[in-house]
Amino acid sequence: MTLTTPLTRELVNDPAYCRLDLRIGAGSLQVMIYNPLEENSLLLRSIDLPADEASALKQLETFIYDNPLLLCDFRTVTAIIESRSFLPAPAAVADCCDHLSLLRCADPDTDSRAVVMQDALDMFDARLLTPLHQATANFLRRTFPTIRLHNALLPFTLYCHSNLTQGNTAKAFVNMRERSLDIVVMSANTLLLLNRFEYRDINDAAYYILNCTDTPSDEIAEIIIGGNHDRRDELMPMLRRFRPYVMPMIFPSAMFKAGADAMKSPFDLIILPLCE
């Protein structure tokens, strides 16, 4: 769904108290403005983006300039990037090696001019490296000088980890979208798997999850599914035929007060304020 009502200055009492969070996805942009101190303050806008990076950047620029509220001074500005290319790496490796070289070893098609985002996964002594189109990074940093850039997997991973108990019991967490999913398998101390898959049919999504949770023992205690409600409800009965404990992820109660649009927001975007 594309929401086209312009974001104008009068929609917000004081931007200095608000967060501006952007989600730049594969084919879409979501923008969320939210004041944590004010109930029902969340504003959400979404547009489609072309697949071509140069065209997507042009569309992004046009959208931001056509919505003058976005150019105000916010308390924080954060963009999470949904990327088809990324590399989780041990901190000891990431801290002593050239990040772009590591990414190109894993994926030779990585743009040699890309800007590399580095997200710290300190609880696992790991880093998440993600290439970002240089022109896109330059535009975002020029337009929003204080912007923080992260892989969209980061808030989901941090949020799910915060819901684990101490110990070695592993759980699998899945974030469903209309045509893609994220899966993180972890215990409190160990990251076992972190990946993103695209799918056309819900049976393909089930296949990916079953393969990612196929272990020789009962190490994975639960599979917890969040994100797109329709896809989640379609998927869970299929998984329960093969896995004993498949549960829905509970929507974070702290975000109910944000407003009706909170339920329409991508899950990794709506939990972003809870991960900082």
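With which side chain does the side chain of Gln30 make a polar contact at 3.5 Å? The partner is the side chain of Ser46. Please keep in mind throughout that this is a predicted model.

## Around Gln30 and Pro266

Let us stay with Gln30 for a moment. Gln30 is found in strand 2, and a second polar contact, of 3.2 Å, joins its side chain to that of Ser28. The relative accessible area of Gln30 is 10%, so the residue counts as buried, the cut-off being under 20%. Beyond its neighbours within four places in sequence, Gln30 is in contact with Asp21, Leu22, Arg23, Leu44, Arg45, Ser46, Pro266 and Leu269.

One name in that list deserves a visit of its own. Pro266 lies in the loop between strand 13 and helix 8. With neighbours within four places in sequence left aside, Pro266 is in contact with Arg23 and Gln30. Pro266 is buried too, at a relative accessible area of 19%; that value falls under the 20% cut-off, which is why the residue is classed as buried. Along the chain, Pro266 and Asn175 are 91 residues apart, yet their C-alpha atoms are separated by 9.4 Å.

## Two pockets

Pro266 also leads us to the largest pocket, where Pro266 is among the residues that lie nearest the centre, together with Arg177, Glu178, Asn228 and Lys264. Several elements each supply at least two residues of this lining: strand 2 (28-34), strand 3 (43-48), strand 9 (170-176), strand 11 (191-198), strand 12 (220-227), helix 7 (229-240) and helix 8 (267-270).

The second largest pocket has its own set of residues closest to the centre, namely Glu53, Glu82, Ser83, Arg84 and His133. Here, the elements that give two or more residues to the lining are helix 1 (53-65) and strand 7 (126-132). Helix 1 provides the largest share, with 4 residues.

Here are the two pockets side by side:

| Pocket | Volume | Lining residues | Make-up of the lining |
|---|---|---|---|
| Largest pocket | about 830 Å³ | 37 residues | 13 nonpolar, 12 polar and 12 charged residues |
| Second largest pocket | about 720 Å³ | 25 residues | 12 nonpolar, 7 polar and 6 charged residues |

## Strand 12 and its partners

Strand 12, which we met in the lining of the largest pocket, pairs with strands 9 and 13. Strand 9 and strand 12 run parallel and are joined by 7 bridges. Within this pairing, Phe173 stands opposite Ile224 of strand 12. Strand 12 also pairs with strand 13 (residues 246-248), again in the parallel sense, over 3 bridges. In that pairing, Ile225 has Pro248 of strand 13 as its bridge partner.

How enclosed is strand 12 by the rest of the structure? Of its 8 residues, 6 are buried, so the strand is largely enclosed.

Strand 9 also holds Lys171, whose side chain is joined to that of Glu222 by a polar contact of 2.9 Å. Apart from neighbours within four places in sequence, Lys171 is in contact with Leu164, Val184, Val185, Met186, Ile220, Glu222 and Ile224. Ile224 thus turns up twice, as a contact of Lys171 and as the residue opposite Phe173.

## An enclosed helix

Helix 5 (residues 153-162) invites a look as well: 8 of its 10 residues are buried, so this helix is largely enclosed by the rest of the structure. The buried residues are Leu153, Leu154, Pro155, Phe156, Thr157, Tyr159, Cys160 and His161.

## Two loop residues with positive phi

Finally, let us turn to the backbone. Most residues other than glycine have a negative phi. Against that background, Asn40 has a phi near 55°, a positive value, and Asp125 likewise has a positive phi near 55°.

Where do these residues sit? Asn40 is found in the loop between strand 2 and strand 3, while Asp125 has its place in the loop between strand 6 (115-121) and strand 7. Are they buried or exposed? Asn40 has a relative accessibility of 61% and so counts as exposed, the cut-off being over 50%. Asp125 is exposed as well, with a relative accessible area of 53%.

Technical notes. Residues numbered from 1 in each chain as written. Predicted model: local features only at pLDDT ≥ 70, side-chain atom pairs only at ≥ 80, totals over all residues. Heavy atoms only, no water. Buried < 20%, exposed > 50% of the residue type's maximum accessible area, 1.4 Å probe, protein only. 1 Å grid on protein atoms, 1.4 Å probe; cavity = no way out; pocket = protein on both sides within 12 Å on 5 of 7 lines; lining within 4 Å. Points joined across faces, edges and corners; volume = space filled by probe spheres on them. Nonpolar A, V, L, I, M, F, W, Y, C, P; charged D, E, K, R; others polar. Polar contact = N/O pair within 3.5 Å; in protein donor to acceptor, adjacent residues only side chain to side chain. Contact = heavy atoms within 4.5 Å. Pairing = 2+ DSSP bridges.
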